[in-house]
Amino acid sequence: MNILICNDDGIFSEGILTLATILKSKHNLTVYAPTGNRSGFSRSMSFHKDVEIKKVNAIDDVDCYSVSGTPADCVKFAVTMHKTKFDLVVSGINSGPNLGSDIFYSGTVNACFEASIEGIPSIAFSNVALKDFKFLETGKIIDKIFNNLVLMADKNHVLNVNIPNVNCDEIQGVKLCSVGNRKYTDGYIKTQENVYKLIGEPIQSTESDFGTDVYYSDKNYVTITPLSHNITDFNVLKILKDIDF
């Protein structure tokens, strides 16, 4: 299988190196990833801007390219310009959760949305931690479930996979679930005159989140959520269509 790997943490980040190392023995890999951290870039594209592409030695026996733009740029350029026809796009392993409302900001997840728009199945992987990432353990879990995920992947949706930052034997199972509402203790701190930094910690899920990715992730389950790039609220559309303008 020809697989394009990308992320939003940068081409030399531990997560993407771990992911490529796991997959390269069984698949033909190509890596296009940002030159540095692009977390929170969502679906942004470098319109009317120059994007520099450089071949780099990041992973042995894998063609790797650094991209000065965004995660979505990485997918768009690779699909449009690279000689390989990709069967699957895999994004990650992200350093941090992409649960609930995180998905709207995530460059990792939205790189996969770009793949979906291009008609390619995609899977986004995230490690649910804020520090001390156990990427080797996360990699073992991905290796174990990857073939099943490939069978579930489709061009019409993105598979968003969040993996608790624990040892393999501490994983409670795998849950297919809906998107929850991830909340943070958001705030800004002043770093210098007229300059501020956004900070915050995730808030523990409640029983109202039952059945969602947020709820099960807090209980050490691997969560899998299929996401569609069509965000139309069809229930509201039915209500509004009868309004006479």
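So, which helix gives the largest share of the lining of the largest cavity? That would be α4, with three residues. Before I go on, please keep in mind that this is a predicted model.

Let me stay with that cavity for a moment. When the whole structure is searched, one cavity of 30 Å³ or more turns up, and its volume is about 50 Å³. Around it you'll find I22, L23, K26, H27, D143, F146 and N147. If you sort those lining residues by character, you get three nonpolar, two polar and two charged. Two helices, α1 at 14–23 and α4 at 135–152, each bring at least two residues to the lining. In case anyone wonders how such a space is found: rolling a probe the size of a water molecule over the atoms shows where empty space is left.

Now, α1 is a nice way into the rest of the fold. This helix lies across β1 (2–6), β2 (28–34), β5 and β6, and α1 runs at about 135° to β5. Helix α2, residues 71–81, also lies across strands: β1, β2, β3, β4 and β5 in this case. Its direction is at about 140° to β2.

And what order do the strands take in the sheet? Reading across, it goes β3-β4-β2-β1-β5-β6-β7-β11-β8. That makes nine strands in an open sheet, and the pairing is mixed. At the edges sit β3 (53–56) and β8 (173–176), each of which pairs on one side only. On average, neighbouring strands here are turned by 20° against each other, with direction ignored.

Let me zoom in on one pair, if you'll look at β5 and β6 with me. As a reminder, strands of a sheet pair through backbone hydrogen bonds, either parallel or antiparallel. Strand β5 covers residues 88–95 and strand β6 covers residues 122–128, and the two pair in the parallel sense over five bridges. If you'd like a residue to click on, try S91, which stands opposite A124 in β6.

Finally, let's step back to the chain as a whole. It has six helices and eleven strands. The radius of gyration is 18 Å, close to the 18 Å that the globule rule gives for 245 residues, so the chain is as compact as a globular protein of that length. Taken along the principal axes, the C-alpha atoms fill a box of roughly 55 × 55 × 50 Å.

That's my tour, thanks for listening!

Note on methods. Residues numbered from 1 in each chain as written. Predicted model: local features only at pLDDT ≥ 70, side-chain atom pairs only at ≥ 80, totals over all residues. Heavy atoms only, no water. 1 Å grid on protein atoms, 1.4 Å probe; cavity = no way out; pocket = protein on both sides within 12 Å on 5 of 7 lines; lining within 4 Å. Points joined across faces, edges and corners; volume = space filled by probe spheres on them. Helix = DSSP H or I, 4+ residues; strand = E, 2+ residues; numbered from the N terminus. Nonpolar A, V, L, I, M, F, W, Y, C, P; charged D, E, K, R; others polar. Pairing = 2+ DSSP bridges. Axes fitted to C-alpha atoms, helices over the stretch in contact; angles between N-to-C directions. Contact = heavy atoms within 4.5 Å. Rg over C-alpha atoms; globule rule 2.2 N^0.38 Å.
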